Amino acid sequence: MSQDSSKIEASVHQHQHQHKHHFHSHGHSHSHDNGNNQEEIDLWAGKDYLDMPGVFEVAHISHDSIIHSLKNAGINKDEYKNWDILEIGCGAGAVTKHFINTFKSVHAIDTSPTMIATLSEYLKEDPNMDKLTYFLHTLSSSSNKQFEERQAQKSPIKDDLDRMIKPKQSKFKLAISNLVLHHIDNIPEFLNGAISLLEKDGWLVFTEIGWGENENLHQHQHHHDHNHNHNQVPSKPSIETEGKPHEGGSFNAPDHYRKPYTVESLKELFEGYGLKDVYAEERGVLPVFGVDNDKPKPSCLIVRGRKV
Ligand SMILES: C[S@@+](CC[C@H](N)C(=O)[O-])C[C@H]1O[C@@H](n2cnc3c(N)ncnc32)[C@H](O)[C@@H]1O
């Protein structure tokens with residue numbers, strides 16, 4: 001075991017010890033059993049995700065982008081408002097809040113107990129809460145079986161961290177995921193798992209951060225400056241184009257990411273998994289560092305594909 005992993009292990013044990021007394025984990029790594037009997041480390045622990053600059057603005061844009069993509073595919077509101085959807089990597093629920101207002105129901109999954117616990121507090125008073133179910137789940141080739149057999153999975157809430165709930169359905173008309181793909185460690189398990197939960201003709205729609213398109217990023221900034229801010233030159237983001245894994249090798253952590261995707265690479269990825277009617281585009285910018293004029297803003301990428 002390397003020194004780094006032993007540090008993480010030590011921190012996990014410390015957290016497990018304290019688990020009964022703390023709902024949120026501040027500053028600790030956090031291990032969990034996500035229903036697949038896999039112990040993983042929750043590197044999202046200790047991050048106050050909802051306090052990050054721009055998070056609600058980004059969530060708004062993410063929701064709009066998904067709706068834009070559906071409309072573009074010829075699906076109108078009268079149709080999609082009756083859909084039960086799957087949200088993959090719901091995080092702290094910033095975009096989920098919009099989805100429960102738009103769709104008939106949302107089943108949200110994430111691999112981070114910290115994020116799910118934050119979501120449960122953030123949305124508990126929401127008027128559309130009755131449309132939402134959520135649990136910890138790692139998509140894999142066994143996801144289909146687990147959903148088909150209605151296997152109960154952990155859905156922690158403040159007063160019952162060990163609460164288990166069963167999936168109400170095993171197939172969805174739409175599965176969406178916002179700003180998650182660049183954090184995925186095992187892409188084949190993730191995408192095959194997601195596609196296995198789609199109905200025939202069901203849609204998979206993802207949004208991603210367009211870091212790879214630095215020229216476009218520059219153009220957006222230029223445009224932005226021209227209109228709103230003549231005096232400040234925005235700083236260029238320091239994005240490592242080959243990706244930036246965590247020291248333990250994982251991309252599944254705040255401020256860590258895979259090599260950035262592009263419109264072309266997203267399209268190729270979806271087509272490579274057998275999806276049809278694949279369409280990827282760049283649309284607007286994402287204020288992931290906050291809305292201020294001097295903050296760099298990457299473009300928003302959207303990709304959709306249909307299961308046949
Ligand atoms: C940048 S956050 C985005 C959260 C939310 N979608 C939003 O836009 O506010 C990335 C999320 O992906 C989740 N994640 C990472 N790997 C995952 C996986 N294999 N399956 C589901 N969620 C995953 C993380 O736990 C985290 O909550």
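Let me begin with how the chain is connected: among contacts between residues at least 6 apart in sequence, 66% join residues at least 24 apart. I should say at once that what we are looking at is a predicted model, and that residues are numbered from 1 along the chain. The secondary structure comes to nine helices and eleven strands, and buried residues make up 42% of the 308 residues in the chain.

I will turn to the sheet next, and then work outwards to the helices and loops. Seven strands form an open sheet, in the order E5-E4-E3-E8-E9-E11-E10, and the pairing within this sheet is mixed. The edge strands are E5, which covers residues 132–136, and E10, each of which pairs on one side only. Neighbouring strands of the sheet are turned by 15° against each other on average, if direction is ignored. As a reminder for anyone new to this, strands of a sheet pair through backbone hydrogen bonds, either parallel or antiparallel.

Let me stay for a moment with strand E11, which has E9 and E10 beside it in the order of the sheet. E10 and E11 run antiparallel and are joined by six bridges, while E9 and E11 pair in the antiparallel sense over eight bridges. If you want to follow this in the structure, glutamate 281 has isoleucine 302 of E11 as its bridge partner, and valine 285 has serine 299 of E11 as its partner. Valine 205, in turn, stands opposite arginine 304 in E11. How enclosed is E11 by the rest of the structure? Seven of the eight residues of this strand are buried, so E11 is largely enclosed. Helix H9, residues 263–272, lies across E9, E10 and E11, and runs at about 155° to E10.

Now to helix H2, residues 55–72, which has 18 residues and reaches 25 Å from its first C-alpha to its last, close to the 26 Å expected at 1.5 Å a residue. The buried residues in H2 include Val58, Ala59, Ile61, Ser62, His63, Ser65, Ile66, Ser69 and Leu70. It helps to recall that an α-helix has 3.6 residues a turn, so residues three or four places apart point the same way. What covers the buried residues of H2? The cover includes helices H3 (77–80) and H4 (96–102), together with strands E8 (172–178), E9 (198–210), E10 (276–285) and E11 (299–306). Just after H2, glycine 74 takes a positive phi of about 90°.

H2 also brings us to the ligand, since H2 and strand E4, residues 105–110, each supply at least two residues of the shell around the ligand. There are 23 residues around the ligand, and of these Gly89, Gly91, Ser112, Met115 and Asn178 come nearest. By character, the shell divides into 13 nonpolar residues, nine polar ones and one charged.

Another helix to look at is H7, whose buried residues are Phe190, Leu191, Gly193, Ala194 and Ile195. These buried residues pack against strand E3 (84–88), helix H6 (143–148), E8 and E9.

I would like to finish with some individual residues, beginning with two backbone angles. Most residues other than glycine have a negative phi, and most peptide bonds are trans. Leucine 179, in the loop between E8 and helix H7 (187–196), has a positive phi, near 55°. Aspartate 201, which lies in strand E9, also has a positive phi, near 75°. Are these two residues buried or exposed? Leucine 179 is buried, because 21 other C-beta atoms lie within 10 Å, whereas aspartate 201 counts as exposed, because it has 11 C-beta neighbours inside 10 Å.

The last residue on my list is proline 260, which is found in the loop between helix H8 (214–228) and H9. Why does proline 260 count as buried? Proline 260 has 21 C-beta neighbours inside 10 Å, and therefore falls in the buried class, for which the cut-off is 20 or more. One further separation can be checked on the model: the C-alpha atoms of proline 260 and leucine 181, which are 79 residues apart along the chain, are separated by 9.7 Å.

Terms used: Predicted model: local features only at pLDDT ≥ 70, side-chain atom pairs only at ≥ 80, totals over all residues. Helix = DSSP H or I, 4+ residues; strand = E, 2+ residues; numbered from the N terminus. Expected span 1.5 Å × (residues − 1). Buried ≥ 20, exposed ≤ 12 C-beta atoms within 10 Å, placed from the backbone. Contact = placed C-beta atoms within 7 Å. Near = placed C-beta within 6 Å. Nonpolar A, V, L, I, M, F, W, Y, C, P; charged D, E, K, R; others polar. Pairing = 2+ DSSP bridges. Axes fitted to C-alpha atoms, helices over the stretch in contact; angles between N-to-C directions.
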